[in-house]
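Visitor: I would like to understand the terms people use for a model like this one. Could you take me through the reasoning behind them?

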2 protein chains.
Amino acid sequence: MTTAPIKKSERTKSAILAAARAAFTEKGYENTTIRGIAAAAEVDPALVMRYFGSKEQLFAVAADFKLSAAFPHKIARKDLGRTLAEIYLRLWEGEEQGLPLLLRSAASSEQAAERIREIFETQTVPLIAALSGEAGARDRAALVVSQTLGLALCRHILKIPPLVGMPRKKLVEEIGKTLQRYMTE
Amino acid sequence: MTTAPIKKSERTKSAILAAARAAFTEKGYENTTIRGIAAAAEVDPALVMRYFGSKEQLFAVAADFKLSAAFPHKIARKDLGRTLAEIYLRLWEGEEQGLPLLLRSAASSEQAAERIREIFETQTVPLIAALSGEAGARDRAALVVSQTLGLALCRHILKIPPLVGMPRKKLVEEIGKTLQRYMTE
DNA sequence: CTTGAATGTCAACACGCGTTGAATTACATG
DNA sequence: CATGTAATTCAACGCGTGTTGACATTCAAG
């Protein structure tokens with residue numbers, strides 16, 4: 001091949017990574033096995049080790065993502081809550097986002113919990129500060145995530161029926177009002 | 001002994017159960033081992049099996065508890081949110097409650113998730129219905145748990161700093177307002 | 001003292017895990 | 001074709017797990 005120096009190894013490497021993300025997302029850190037990932041990627045388990053070093057390192061790579069890209073930098077102040085709720089809900093419906101992965105693993109892996117804390121400090125707090133002002137941004141951000149993560153937990157992990165079935169419009173409205181108050185009052 | 005037919009076995013059995021609850025609460029279902037529980041109870045692992053059958057059954061017993069006892073049956077309508085928030089926060093600070101145990105394990109054990117759903121249907125929904133009326137109680141209850149479990153998750157499992165340090169008074173106020181709206185508007 | 005049930009211990013099993021290093025195949029280049 | 005390197009597989013190790021059944025201890029009752 002003359003044009004593209006796309007190494008074969010990179011393709012299988014990312015196949016492994018994709019399988020790993022899917023497995024971590026579905027089953028959490030503890031219940032996910034290297035052997036299972038390898039099988040899903042149609043590859044030998046040893047290859048996973050060769051490319052990623054260890055299960056921990058593989059998880060670190062799988063959990064390394066940015067989410068701030070999805071958020072606009074400016075939102076009309078009165079629409080803050082609604083808009084944020086809407087964007088956040090969409091974040092959970094896409095296939096390739098890492099947030100579900102982290103939440104699934106957070107209870108069984110201190111590594112995952114630490115990563116969530118890191119994302120909170122480096123991405124969530126600055127976002128809230130930019131949107132609603134520096135004053136008390138850290139506390140506001142914390143309240144915001146307590147509601148947003150709680151919703152994700154109940155809807156996607158615990159699968160509490162009314163939340164699973166609740167139309168997005170109603171969720172945006174109810175959760176949006178809460179976020180609006182946490183951010184602006 | 002003439003008076004008390006308190007079998008010795010019952011005492012060790014409940015020692016095992018106590019050790020199991022502590023372990024499940026701290027480390028979640030997957031990361032808890034029968035051997036670890038046995039060591040903490042100063043007992044042979046085989047004895048745990050003899051008394052509880054299997055790890056799954058032991059977990060089922062450990063997770064079998066009622067929480068509605070902590071809630072009063074009548075609360076002035078305007079104080080609903082505040083009062084509920086206050087009681088709920090206290091629920092998480094006591095030593096022997098089972099809620100933290102369930103939340104820790106919910107992400108890695110479908111059994112735990114199912115138990116939470118069951119508690120939601122049999123205890124939370126009726127409670128909300130009794131406090132704030134039958135109309136839409138199930139949806140209201142779902143929104144309430146999305147905030148309360150979210151707070152517990154962020155504060156006690158993820159340990160997001162501002163929430164860990166936030167004084168109870170402020171938490172009661174902020175979360176209380178949210179619960180009030182979910183229950184009455 | 002003897003019996004027999006209740007209570008607890010021991011050693012081992014089969015299994016699945018993460019991980020490793022040697023062996024093997026695929027493949028571009030001379 | 002020959003050769004060397006990249007890509008991948010194979011077979012196995014050591015470990016910790018849940019679980020089991022045979023064995024030992026305790027102890028109240030005849």
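**Two chains and a helix**

Guide: Gladly, and please keep in mind that this is a predicted model. In it, 34 residues of chain B are in contact with 34 residues of chain A.

Visitor: What makes two residues count as in contact?

Guide: Their C-beta atoms, placed from the backbone, lie within 7 Å. On the side of chain B that touches chain A, α8(B) gives the largest share, 13 residues. That side divides into 18 nonpolar, seven polar and nine charged residues.

Visitor: How do you know in what way the two copies are related?

Guide: A turn of 180° with a shift of 0.0 Å along the axis lays chain B on chain A, with an RMSD of 0.1 Å. The copies are therefore related as by a two-fold rotation axis. In chain B, the C-alpha nearest that axis belongs to Gly150(B), 1.6 Å away from it. The same surface serves both copies, since 100% of the contact residues of chain B recur in chain A.

Visitor: Now to a helix. What is the span expected for α7 of chain A, and how far does this helix reach?

Guide: Helix α7 (residues 110–132) of chain A has 23 residues, and 33 Å is expected at 1.5 Å a residue. From first C-alpha to last, α7 of chain A reaches 31 Å, close to that value.

Visitor: Where is the kink in α7(A) centred?

Guide: On Phe120(A), with a kink of about 40°. Phe120(A) is also one of the buried residues of α7(A).

Visitor: What makes a residue buried?

Guide: It has 20 or more other C-beta atoms within 10 Å of its own. The cover over the buried residues of α7(A) includes α1, α5, α6, α8 and α10 of chain A.

Terms used: Residues are numbered from 1 along each chain as its sequence is written. Chains are lettered from A and ligands numbered from 1 in the order in which they are written. This is a predicted model: local features need pLDDT of at least 70, side-chain atom pairs count only at pLDDT 80 or more; totals for chains, interfaces and linings use all residues. Helices (H or I, at least four residues) and strands (E, at least two) are DSSP runs, numbered from the N terminus. Ala, Val, Leu, Ile, Met, Phe, Trp, Tyr, Cys and Pro count as nonpolar, Asp, Glu, Lys and Arg as charged, and the others, Gly among them, as polar. Copies are superposed by least squares on the C-alpha atoms of residues with pLDDT of at least 70 in both. The expected span of a helix is 1.5 Å times one less than its number of residues. The bend at a residue is the angle between axes fitted to the seven residues ending there and the seven starting there. A residue is buried if 20 or more other C-beta atoms lie within 10 Å of its own, exposed if 12 or fewer, and partly exposed in between; C-beta atoms are placed from the backbone.
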